[in-house]
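Student: I have a structure to read and do not know where to start. Could you take me through it one feature at a time?

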Amino acid sequence: MSVPALAASPINERKEKLDRRTARIGVIGLGYVGLPLALLFSEEGFPVTGFDIDPAKVETLNADGSYIVRITPEEIRSARKQGFSATADFSQIALMDAVLICVPTPLNDYHEPDLSFVTKTASSIAPYLWAGQLIVLESTTYPGTTEEVLVPLLEAGNTQSLKVARTAEEEGFYVAFSPEREDPGNDTIARRKIPKVIGGVGPVALEFASALYQTIFDRTVPVSSPAAAEMTKLLENIYRCVNIALVNELKQLCQRMGIDLFEVIDAAKTKPFGFQAFYPGPGLGGHCIPIDPFYLSWKAKQFDFRTRFIELAGEVNIGMPYYVIDRATAALNDRRKALNGSKILVLGLAYKRDIDDLRESPALTIIELLRERGAIVSYNDPFFPTVGRGRHYDLNMQRVPVTSLGDYDAVMIVTDHTTYDYPAIVRESQLVIDTRNATKGIVAGNIVRC
Ligand SMILES: NC(=O)c1ccc[n+]([C@@H]2O[C@H](COP(=O)([O-])OP(=O)(O)OC[C@H]3O[C@@H](n4cnc5c(N)ncnc54)[C@H](O)[C@@H]3O)[C@@H](O)[C@H]2O)c1
């Protein structure tokens, strides 16, 4: 497909296309972030094309199917009627007025940023860029990525030698960074009510990106640079990571002191100012909170700076699955049993309640640790009939039903899905290890809360 040889369009012309909902929107990476975003633009009336390198995802979407539990096939079907389609053909980038990049940003085996998905995307789209087009990076990353990594690759790979346009006078494509603020499983806040932070490479990119996002978000929050927007996202996630580590540490202290930390948090959160409740758990999970802070730690080294809060929080949170195992071992010991040889049923694999996302889930580590110590482990999770092999695990297990609970030496609640009948679980089990306070309010001698 040939690249349209367009001169830089005035920003007003771009805005008019947005107002008329005729601007073509491309979303790259149709995962948990990209697909809902593509559907939002489609619902708003825009012609949307989704790009993904996974042929199974492309095929599913183009057959009106969905692979994300909370997105129904009906939603895909209605977007398709609105003109939405998916493709792996990156030459179609040339047809887009705005391109939003939502590809993964994981860590490598050495806990360093793995930007390979972003750099591959940049190289794939660079040949098809045109003057006046807007490219927005949405993937979470360290401050500097947009200007130091993305822009040079887009410029170097562009067949027309186009550069990023930083002012209205310059001809080129526009680039911005706008972080995603998705809270999987939380349906209480409408997506469009979540303010959208935006940092542009220059004022025109900021204006263009703000006009684009104002079509689907009630409020946009412009900041002075892409780096400020990148740092905003990291601050939000580091804030969560550090506070979760704090309550995870206090949970261990409270256990020794015989105090119920959940009761304490419930009391503390009645304070109408200066306190936000965070809850302890079996460890961090998901694609964001366990990963993103280390993007900043890595970048900080370039400035001879150690991010001690992040490292300490990481140390506490990474240790939580080991703490759960210690507590389970002690609870079995109290019943004159060894973990080695015990039958354990793990309830919940997802990294948090009521979602179908397994990434970095502490349940995976807990199962591996239980097995290493000789336990015979089964699991149940309504979202996962099987669990095989991932980046950091190799389990090869099949779901069992939540029945015959008395046959297990212990039932361990790792994810508190709302579909479980907790009173029945407590009634029927010999021992319940509850890592989420899912049994709150139930009084029984066979519950160990940890
Ligand atoms: N999941 C969340 O709750 C959440 C929240 C906020 C921010 N984020 C950030 O959003 C980004 C995306 O996360 P996600 O959860 O949607 O990931 P995901 O793994 O669910 O989806 C990423 C998609 O990108 C595709 N992909 C990978 N490389 C590609 C390429 N070169 N070209 C086209 N497609 C490609 C994958 O096939 C996949 O479908 C990450 O940076 C993440 O940190 C995620």
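Student: Leaving aside neighbours within four places in sequence, which residues is His-287 in contact with?

Tutor: This is a predicted model, so each answer describes the prediction. To read contacts, skip the sequence neighbours and list what remains. For His-287 that list is Pro-104, Thr-105, Pro-106, Asp-292 and Arg-359. One polar contact can be added: the His-287 side chain comes to 3.4 Å from the backbone nitrogen of Thr-105.

Student: Where is His-287 found?

Tutor: In a loop, with helix H9 (261-268) before and helix H10 (292-301) after.

Student: Is His-287 buried or exposed?

Tutor: The idea is to compare the relative accessible area with a cut-off: under 20% is buried, over 50% is exposed, and partly exposed is in between. His-287 has 18%, so it counts as buried.

Student: What is Ser-361 in contact with, leaving aside its neighbours within four places in sequence?

Tutor: Gly-285, Leu-349, Ala-350 and Tyr-351. Ser-361 is also a loop residue, placed between strand S10 (343-347) and helix H12 (362-372). Its relative accessible area is 2%, so Ser-361 is buried.

Student: How do I read a residue that is distant in sequence from its partner? Take Asp-52 and Ala-88: how far apart are they in space?

Tutor: Set the separation along the chain beside the distance between C-alpha atoms. Asp-52 and Ala-88 are 36 residues apart in sequence, and their C-alpha atoms are 5.3 Å apart. Ala-88 is also one of the contacts of Asp-52, a list that includes Gly-29, Leu-30 and Thr-87.

Student: Which backbone atoms does the side chain of Asp-52 reach?

Tutor: Two backbone nitrogens can be named. That of Leu-30 lies 2.7 Å from a polar atom of the Asp-52 side chain, and that of Asp-54 is reached at 2.9 Å. Asp-52 sits in the loop that runs from strand S2 (48-51) to helix H3 (55-62). With 9% relative accessibility, Asp-52 counts as buried.

Student: And what about Gln-430: is it buried, exposed or partly exposed?

Tutor: Its relative accessibility is 37%, so Gln-430 counts as partly exposed. The residue belongs to the loop between helix H13 (422-428) and strand S15 (432-434).

Student: What does Gln-430 touch, not counting residues up to four places away in sequence?

Tutor: Lys-337, Gly-406, Asp-407, Tyr-408, Asp-409 and Asn-446. Two of these can be described further. The side chains of Gln-430 and Lys-337 are joined by a polar contact of 2.8 Å. The Gln-430 side chain also reaches the backbone oxygen of Gly-406, at 2.8 Å.

Student: How far is Gln-430 from Ala-228?

Tutor: Their C-alpha atoms are separated by 53 Å, with the two positions 202 residues apart along the chain. Another pair to read in this way is Leu-235 and Glu-263, which are 28 residues apart along the chain and 28 Å apart by C-alpha. Leu-235 is part of helix H8 (residues 226-257). At 58% relative accessibility, Leu-235 counts as exposed.

Student: How do I read a backbone angle such as phi?

Tutor: Start with the sign. Most residues other than glycine have a negative phi. Ser-161, which is not a glycine, has a positive phi of about 55°.

Student: Where is Ser-161 placed?

Tutor: In the loop between helix H6 (145-156) and strand S6 (163-164). Ser-161 counts as exposed, at 56% relative accessibility.

Student: What is the phi of Asn-396?

Tutor: Near 55°, again positive in a residue other than glycine. Asn-396 is in strand S13 (residues 394-398). Its relative accessibility is 66%, so Asn-396 counts as exposed.

Student: How many helices and strands does the whole protein have?

Tutor: There are 13 helices and 16 strands. Of the 450 residues, 53% count as buried.

Student: How does the radius of gyration relate to that of a compact globule?

Tutor: The general idea is to take the value expected for the chain length and compare. For 450 residues a compact globule would be near 22 Å, and the protein has 24 Å, which agrees. The box filled by the C-alpha atoms, taken along the principal axes, is roughly 80 × 50 × 40 Å.

Student: What share of the contacts joins residues at least 24 apart?

Tutor: Counting contacts between residues at least 6 apart in sequence, 69% do so.

Methods. Residues numbered from 1 in each chain as written. Predicted model: local features only at pLDDT ≥ 70, side-chain atom pairs only at ≥ 80, totals over all residues. Heavy atoms only, no water. Helix = DSSP H or I, 4+ residues; strand = E, 2+ residues; numbered from the N terminus. Rg over C-alpha atoms; globule rule 2.2 N^0.38 Å. Buried < 20%, exposed > 50% of the residue type's maximum accessible area, 1.4 Å probe, protein only. Contact = heavy atoms within 4.5 Å. Polar contact = N/O pair within 3.5 Å; in protein donor to acceptor, adjacent residues only side chain to side chain.
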